[in-house]
Amino acid sequence: MESLRRLKLKYGGTIAKVIEKEHQLAATKTRFDQLDETIAQAHIQSQDCQQAFSQACLTLTQARQTAATALATQIEASLNALGITNAIFSVECQRTEDPNGLVKENGQRWRAGEYGIETVEFYISANAGETVRPLTQVA
């Protein structure tokens, strides 16, 4: 009886309030019991998303390499048609290695962002013997 009296004092003064508190605690315990499962499911979803992102980055890399080669060929042909016969144009795709990078390829990890794993820069040399320089530095 003393235990019941103390519970009533602690949780609202009536048996109904004590029972209501017991239901609340049971619901909280159930949520806590399921928390490990929820965390495990979130971890799996995170890994799936990371893998999909990584694959999308590698697919983008392949498309960029193909497009870079075609673009360089087309621009050199256009420059040649304009009479700039010794021009060299290239597209450089550069990656940054990162031990915590999201994209893993051939045992290496690469920094990745919303635009993939490379930065792209155009290089040109318009005259024979001239050093190929970034297009942004050519006047």
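Q: Hi! Is Thr66 buried or exposed?
A: Thr66 is exposed, with a relative accessible area of 56%. Here buried means under 20% relative accessible area, exposed means over 50%, and partly exposed is in between, using a 1.4 Å probe and protein chains only.

Q: Before I go on, what kind of model is this?
A: This is a predicted model, in which local features need pLDDT of at least 70 and side-chain atom pairs count only at pLDDT 80 or more, while totals for chains, interfaces and linings use all residues. Residues are numbered from 1 along each chain as its sequence is written, and side-chain values use heavy atoms, with hydrogens and water left out.

Q: Thanks. Where is Thr66 found?
A: Thr66 is in helix 2. Helices (H or I, at least four residues) and strands (E, at least two) are DSSP runs, numbered from the N terminus.

Q: And how far apart are the C-alpha atoms of Thr66 and Arg111?
A: They are separated by 21 Å, with their positions 45 residues apart along the chain.

Q: What about Thr61, buried or exposed?
A: Thr61 counts as buried, because its relative accessibility is 3%. Thr61 also lies in helix 2.

Q: Which residues is Thr61 in contact with?
A: Leaving aside neighbours within four places in sequence, Thr61 is in contact with Arg95, Ile117 and Glu118. Contact means heavy atoms within 4.5 Å.

Q: Does Thr59 come out buried, exposed or partly exposed?
A: Thr59, another residue that lies in helix 2, is partly exposed at 42% relative accessible area. Its C-alpha atom is 9.3 Å from that of Gly116, although 57 residues separate the two along the chain.

Q: Switching topic: which residues make up the largest nonpolar core?
A: There are seven: Ala68, Ala72, Leu79, Ala87, Phe89, Val91 and Ile124. A nonpolar core is a set of buried Ala, Val, Leu, Ile, Met, Phe, Trp, Tyr and Cys residues joined through side-chain atoms within 4.5 Å.

Q: Which elements give two or more residues to this core?
A: Helix 2 (15–81) and strand 1 (88–95) do. Helix 2 gives the most, with three residues.

Q: What lies apart from it?
A: Apart from the largest core there is another core of five residues, including Leu58, Val103, Trp110 and Ile117.

Q: What lies over the face of Trp110?
A: Arg95 does, at 5.0 Å from the ring centre. A charge sits over a ring if NZ of Lys or CZ of Arg is within 6 Å of the ring centre and within 35 degrees of the ring normal.

Q: Which residues does Leu102 touch?
A: Not counting residues up to four places away in sequence, Leu102 touches Gln50, Phe53, Ser54, Arg109, Trp110 and Ala112. Leu102 sits in the loop between strand 1 and strand 2 and is partly exposed, with a relative accessible area of 38%.

Q: Now the sheet. What is the order of the three strands?
A: The order is 1-4-5, in an open sheet with antiparallel pairing. Two strands pair if DSSP finds at least two bridges between them.

Q: Which strands stand at the edges?
A: Strand 1 and strand 5 (133–134) do; each has a single partner strand, so one side of each has no neighbour in the sheet.

Q: How many bridges join strand 1 to strand 4?
A: Eight, and those strands run antiparallel. One bridge partner of strand 1 to look at is Ile88, matched with Ser125 in strand 4.

Q: And how do strand 4 and strand 5 pair?
A: Strand 4 (residues 118–125) pairs with strand 5 in the antiparallel sense over two bridges. Ile124 stands opposite Arg133, and Tyr123 stands opposite Pro134.

Q: What does helix 2 lie across?
A: Helix 2 lies across strand 1 and strand 4, running at about 165 degrees to strand 1. Axes are lines fitted to C-alpha atoms, for helices over the stretch in contact, and angles run from 0 to 180 degrees between N-to-C directions.

Q: Last one: what is the phi of Asn106?
A: Asn106 has a positive phi of about 50 degrees although it is not a glycine. Most residues other than glycine have a negative phi. Asn106 is in the loop between strand 2 (103–105) and strand 3 (108–110), and counts as exposed at 74% relative accessibility.
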